[in-house]
Amino acid sequence: MENNYQNYYQRFEEQLKQSRKDRLLLHACCCPCSTHCLEVLAEYFEITVFFYNPNIDTVEEYEKRFAELVRFTEEAPFAKGVRLVEEPFRPEEFEAIAKGREQEPERGSRCYDCYRLRLRRTAEYAAENGYDCFSTTLSISPYKNAAWLNEIGVRLEQELREAGAPAGRKTPYFLFSDFKKKNGYKRSIELSAEYGLYRQDYCGCRYSKEERDRKKAAKREEEISE
């Protein structure tokens, strides 16, 4: 990516200044990650939260995360005008891109393709439904690679432009993000506590859950041996 795109938050702030209540399709992985993002964005955009996460390991977890989003947008004053779109749970889409990389550690190529899978569908939905821009809440997490997310977003915008917008519509632009900046992640924890939100301790996929369980087991063994 070109050097002038490296400071993602600076680019994001420049885009905020140019927004005139643009229609934003915001991909959300869960409610806690959405809290501070919505707090920041609500003043500048007409927001639709797009819940598409085929990486989540069970339908029960999928529904629980979406239910918390519904509750939060009903209760938080700054989220009152936010719309929600829930895509059907299609885990086979994630399993197809993860196949052959089941043993790969977190934050490797499997995760990169998972980001791309979710952002691609977000970009497609934004173009199909006349949104001005699209983005994701994923960058608020210190465990997610903001450089990858922004790189993918820019490439998807370019692909949309090359494909051409539907008649009478313009190509949605990618809204840069690194929401963890300026204590964004800390603020998301505060808002989660304020609204009593369910905060999962794994990203969503079965591989991240397995890694979480291994770390917990190792910690227990270490405590016992001390």
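Reader: Which residue meets R90 in a salt bridge?
Author: Happy to start there, bearing in mind that this is a predicted model. The side chains come together with N and O 2.6 Å apart. The partner is partly exposed, with a relative accessible area of 26%. The residue that meets R90 is E93.

Reader: Which residues are joined with E93 into one network by salt bridges that share partners?
Author: The structure holds 24 salt bridges, and some of them share partners. Besides E93 itself, the network takes in E87, R90, R121, E124 and E128.

Reader: R101 forms a salt bridge too; are R101 and D113 buried or exposed?
Author: The closest N and O atoms of R101 and D113 are 2.8 Å apart. This pair links distant parts of the chain, with R101 in the loop between α4 (91–98) and α5, and D113 in helix α5, twelve residues apart. Buried means under 20% relative accessible area, and both R101 and D113 are buried.

Reader: And where do E190 and R187 lie?
Author: Their closest N and O atoms are 3.5 Å apart, in a salt bridge. E190 is partly exposed at 34% relative accessibility, and R187 is partly exposed at 26%. The two are three residues apart, about one turn of the helix, and both lie in helix α7.

Reader: Let's turn to the rings. Why does the pair of Y8 and F176 tie together parts that are 168 residues apart in sequence?
Author: A search of the whole structure finds 16 aromatic pairs, and Y8 with F176 is a stacked one, 6.5 Å centre to centre with 15° between the planes. Y8 is buried at 8% relative accessible area, and F176 is buried at 4%. The pair ties those parts together because Y8 lies in helix α1 (residues 8–18) and F176 in the loop between β5 (173–174) and α7 (184–194).

Reader: Which residues form one aromatic cluster with Y8?
Author: F176, stacked with Y8, is one of them. The cluster also has F134 and F174, so to speak of it in full, the partners of Y8 are F134, F174 and F176.

Reader: Over which ring does the charged end of R23 sit?
Author: A lysine offers a similar picture elsewhere: K64 lies over the face of Y198, at 4.1 Å from the ring centre. For R23, the charged end is 4.1 Å from the centre of the ring of Y131.

Reader: How many charged residues does the lining of the largest pocket have?
Author: The largest pocket holds about 750 Å³ of space. Of its 31 lining residues, the closest to the centre are Y143, K144, D201, Y202 and C203. By class, the lining has 14 nonpolar and five polar residues, and the charged ones number twelve.

Conventions: Residues are numbered from 1 along each chain as its sequence is written. This is a predicted model: local features need pLDDT of at least 70, side-chain atom pairs count only at pLDDT 80 or more; totals for chains, interfaces and linings use all residues. Side-chain values use heavy atoms; hydrogens and water are left out. Rings of Phe, Tyr and Trp (its six-membered ring) pair if their centres lie within 6.5 Å; planes under 30 degrees apart count as stacked, over 60 as edge-to-face and the rest as tilted. Helices (H or I, at least four residues) and strands (E, at least two) are DSSP runs, numbered from the N terminus. Buried means under 20% relative accessible area, exposed over 50%, partly exposed in between (1.4 Å probe, protein chains only). A charge sits over a ring if NZ of Lys or CZ of Arg is within 6 Å of the ring centre and within 35 degrees of the ring normal. On a 1 Å grid over the protein atoms alone, a cavity is a set of points where a 1.4 Å probe fits but cannot get out, and a pocket is an open set with protein on both sides within 12 Å along at least five of seven lines; lining residues have an atom within 4 Å of a point. Grid points are joined across faces, edges and corners, and a volume is the space filled by probe spheres set on the points. Ala, Val, Leu, Ile, Met, Phe, Trp, Tyr, Cys and Pro count as nonpolar, Asp, Glu, Lys and Arg as charged, and the others, Gly among them, as polar. A salt bridge is a side-chain nitrogen of Lys or Arg within 4 Å of a carboxyl oxygen of Asp or Glu.
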